[in-house]
Amino acid sequence: MKIALLQFNTLWEDKAANLEKVAKLIRSLPNDVDLVVLPEMFTTGFTMNPELVAEDEQGKTLQIIQELALNKQTAITGSWVVKEENNYYNRLYFVFPDGSFQTYNKRHLFTLAGEEKVYNPGNKKLIVSYKGWNICPLVCYDLRFPVYSRIVNQNYDLLIYVASWPDRRIDAWDALLKARAIENMSYVIAVNRCGTDPNSVFYSGHSQALDYMGSYLQPPMTNENVKIITIEKEPLLKARTKFAFLNDADNFEIK
């Protein structure tokens with residue numbers, strides 16, 4: 001499967017400009033890309049002003065992403081701000097090439113920025129089935145909580161993180177992504193934004209791709225950048241059979 005990592009400077013709370021940028025980037029991709037991964041809150045930046053930018057579940061952003069997915073015949077994933085029943089969510093969408101979609105509401109809200117004060121947490125994990133792959137998409141701060149991403153019964157092959165992770169803690173980002181790949185024997189794709197927001201928070205990016213042993217398929221990127229990587233299922237399955245570490249893992253349930 002070919003996956004495009006789109007790392008760019010998100011313009012603050014400017015949905016029109018960000019969607020125009022995303023559309024241009026996606027249209028410029030080769031036609032054989034299977035999945036496009038965008039950052040967290042890619043239409044607005046990591047805003048704590050949901051009342052200014054929130055959309056209905058099937059609002060304009062979804063419609064534009066659906067159109068791009070249909071025209072390019074690729075899946076697209078990333079998160080944006082959604083209002084549902086007077087509650088706000090940092091919601092990840094996984095939009096399929098036919099325009100259908102599945103969603104995941106960010107579970108772990110970033111208390112350091114007060115995210116929990118304005119957004120509601122999700123309560124359901126998502127495993128997406130796409131082109132013979134089982135994919136677990138998560139959002140930014142979820143990365144710090146290994147129990148939530150821990151593989152159970154080998155139920156996913158690819159772990160995705162979309163993020164707005166600041167440079168001041170980028171060493172943790174790099175280390176935790178490598179750990180998630182190793183402990184779950186899974187491919188990991190992580191896409192972060194770059195640039196500086198109005199709160200003077202600098203984002204260096206470091207979007208990256210790792211294999212199931214924690215080796216880089218795409219080393220951390222800086223600045224605005226687009227990279228396409230290819231992952232293959234057979235080597236993953238062979239490694240999981242040869243190094244049967246997952247068979248020795250603890251069984252548990254998350255409530």
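The lining of the second largest pocket in this predicted model breaks down by class into four nonpolar, two polar and five charged residues. That pocket holds a volume of about 220 Å³. Its lining takes in Arg 107, then Asn 123, Lys 124 and Lys 125, then Tyr 148, Val 152 and Asn 155, and finishes with the run Phe 252, Glu 253, Ile 254 and Lys 255.

Let's stay with one of those residues for a moment. Lys 125 sits in the loop between α4 (115-118) and β6. Its relative accessible area is 27%, and it counts as partly exposed. Measuring sticks aside, the C-alpha of Lys 125 is 21 Å from that of Glu 85, with 40 residues separating the pair in sequence.

Now for the largest pocket, which encloses about 320 Å³ of space. Its lining has 18 residues, and the ones nearest the centre are Phe 46, Phe 110, Ala 113, Arg 169 and Tyr 203. Sorted by class, the lining comes out as eleven nonpolar, two polar and five charged residues.

On to the strands. β3 and β4 run antiparallel to each other and pair over nine bridges. Within that pairing, Val 81 has Asn 90 of β4 as its bridge partner. The two strands make a hairpin with two residues between them, and Glu 85 in this hairpin has a positive phi near 50 degrees. Asn 86 is also in the loop between β3 and β4. With 64% relative accessibility, Asn 86 counts as exposed. In space, Asn 86 lies 9.9 Å from Glu 51, C-alpha to C-alpha, though the two are 35 residues apart in sequence.

β4 has a second partner to look at. Strand β4 (residues 87-95) pairs with strand β5 (residues 101-105), again in the antiparallel sense, over five bridges. Tyr 93 faces Thr 103 of β5, and Arg 91 has Asn 105 in β5 as its bridge partner. This pair is a hairpin too, with five residues between the strands, and Gly 99 in the turn shows a positive phi of about 95 degrees.

How enclosed is β4 by the rest of the structure? Eight of its nine residues are buried, so the strand is largely enclosed. For a residue to count as buried, its relative accessible area has to be under 20%.

Next, the positive phi values outside glycine. Most residues other than glycine have a negative phi, so the residues below are worth a look when you scroll through the backbone.

| Residue | Phi | Where |
|---|---|---|
| Gln 73 | near 50 degrees | loop between α3 (60-72) and β3 (75-84) |
| Lys 131 | about 50 degrees | loop between β6 (128-130) and β7 (133-139) |
| Glu 85 | near 50 degrees | hairpin of β3 and β4 |

As for how open these spots are, Gln 73 has 48% relative accessibility and counts as partly exposed. Lys 131 is exposed, with a relative accessible area of 51%. The cut-off between those two labels is 50%, which is why Gln 73 and Lys 131 get separate names.

Last, a helix. Helix α1 (residues 15-27) is 13 residues long and spans 18 Å from its first C-alpha to its last, close to the 18 Å expected at 1.5 Å a residue. Which residues of α1 are buried? They are Asn 18, Leu 19, Val 22, Ala 23 and Ile 26. Looking down the axis of α1, these buried residues fall within an arc of 135 degrees, so they line one face of the helix. The other side of α1 carries exposed residues, namely Ala 16, Glu 20, Lys 24 and Arg 27.

Notes: Residues numbered from 1 in each chain as written. Predicted model: local features only at pLDDT ≥ 70, side-chain atom pairs only at ≥ 80, totals over all residues. Heavy atoms only, no water. 1 Å grid on protein atoms, 1.4 Å probe; cavity = no way out; pocket = protein on both sides within 12 Å on 5 of 7 lines; lining within 4 Å. Points joined across faces, edges and corners; volume = space filled by probe spheres on them. Nonpolar A, V, L, I, M, F, W, Y, C, P; charged D, E, K, R; others polar. Pairing = 2+ DSSP bridges. Helix = DSSP H or I, 4+ residues; strand = E, 2+ residues; numbered from the N terminus. Expected span 1.5 Å × (residues − 1). Buried < 20%, exposed > 50% of the residue type's maximum accessible area, 1.4 Å probe, protein only. Arc of directions from axis to C-beta.
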